[in-house]
Amino acid sequence: MPHVNVGAFSLSVDEEGSGIPVLLIHGTAANLWGDVPRLLAPRFRVISYDRRGFGASPSPPLKSLTSHANDAATLLVTLAASPAIIVGWSIGGVVALELAISHPELVRGLVLLEPPLYAKRRPTLR
């Protein structure tokens, strides 16, 4: 997988297909989308990546979901892939929600798979 610089860090990114961009944001496991990118690629430009600190994206682990959302935003801008459909799986769904809230101009739509919406003990209205 090629790497894309996101500020001082590098994210491992894989792209296939063309059309409307779809960004896949994985959860607490590594980038494990299986056949999903290949199945979507005939209709969409599918972008999957290892979040910072996971898989082939070297970095100390991040605790801030906002930082992961900002990484996703920078990735979309760097790849000229917005607005995109954002697919978030598990905690990646919470990252996707944060991305949509903080960078709505980059998001065409959201697909959330098993997001742990109550992962925060004291969530704010935001």
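This is a short walk through a predicted model, from its nonpolar cores to its surface and its less common backbone angles.

Let's start inside. In soluble globular proteins, nonpolar side chains tend to be buried together. Here, the largest nonpolar core has 23 residues, and L23 and I86 are the ones with the most contacts inside it. Quite a few elements feed this core with two or more residues each: the strands β1 (3–6), β2 (9–16), β3, β4 (44–49) and β5, plus the helices α2 (65–78) and α3 (91–102). The top contributor is α2, which gives five residues.

I86 is a good place to look if you want to see how the pieces meet. Leaving out residues up to four places away in sequence, I86 touches L23, I25, L76, A96, L99, V107, G109, L110 and V111. Apart from the big core lies another one, made of six residues, including V22, W33, F44 and V87.

Next, find H26, in the loop between β3 (20–25) and α1 (36–40). Is H26 buried or exposed? Its relative accessibility is 0%, so H26 counts as buried. A polar atom of the H26 side chain sits 2.9 Å from the backbone nitrogen of R51. R51 is also among the residues H26 touches, and the others are N31, W33, Y49, D50, F54, W89 and G92, again not counting residues up to four places away in sequence.

One of those contacts of H26, W89, takes us outwards. W89 belongs to strand β5 (residues 84–89), and it counts as partly exposed because its relative accessibility is 31%. Together with L32, V111 and L113, W89 forms a nonpolar patch on the surface, with about 330 Å² of accessible area for the four together. V111 is worth a second glance, since it is part of this patch and is also touched by I86.

Now to the loop between α2 and β5, where L79 lies. With 16% relative accessibility, L79 counts as buried, because the cut-off for that is under 20%. Setting aside neighbours within four places in sequence, L79 is in contact with V4, V13, E15, R45 and I47. L79 and P21 are 58 residues apart along the chain, yet their C-alpha atoms are separated by 10.0 Å.

That loop between α2 and β5 also holds P83. Which residue is joined to P83 by a cis peptide bond? S82 is, and omega there is about 0°.

On the backbone in general, most residues other than glycine have a negative phi, and most peptide bonds are trans. Besides the cis bond between S82 and P83, two residues stand out for their phi. S90 has a positive phi without being a glycine, and E114 likewise has a positive value in a residue other than glycine. The table puts the two side by side.

| Residue | Phi | Place | Relative accessibility |
|---|---|---|---|
| S90 | about 60° | loop between β5 and α3 | 24%, partly exposed |
| E114 | near 55° | segment after β6 (107–113) | 66%, exposed |

S90 comes in the loop between β5 and α3, while E114 is found in the segment after β6. If you are scanning the model by eye, S90 is partly exposed and E114 is exposed.

Conventions
Residues numbered from 1 in each chain as written. Predicted model: local features only at pLDDT ≥ 70, side-chain atom pairs only at ≥ 80, totals over all residues. Heavy atoms only, no water. Patch = residues over 30% accessible without salt bridge, like charges linked within 9 Å, V, L, I, M, F, W, Y side chains within 5 Å. Areas by Shrake-Rupley, 256 points an atom, 1.4 Å probe, with all protein chains shown as cover. Salt bridge = Lys/Arg side-chain N within 4 Å of Asp/Glu carboxyl O. Helix = DSSP H or I, 4+ residues; strand = E, 2+ residues; numbered from the N terminus. Buried < 20%, exposed > 50% of the residue type's maximum accessible area, 1.4 Å probe, protein only. Polar contact = N/O pair within 3.5 Å; in protein donor to acceptor, adjacent residues only side chain to side chain. Contact = heavy atoms within 4.5 Å. Core = buried A, V, L, I, M, F, W, Y, C linked by side-chain atoms within 4.5 Å.
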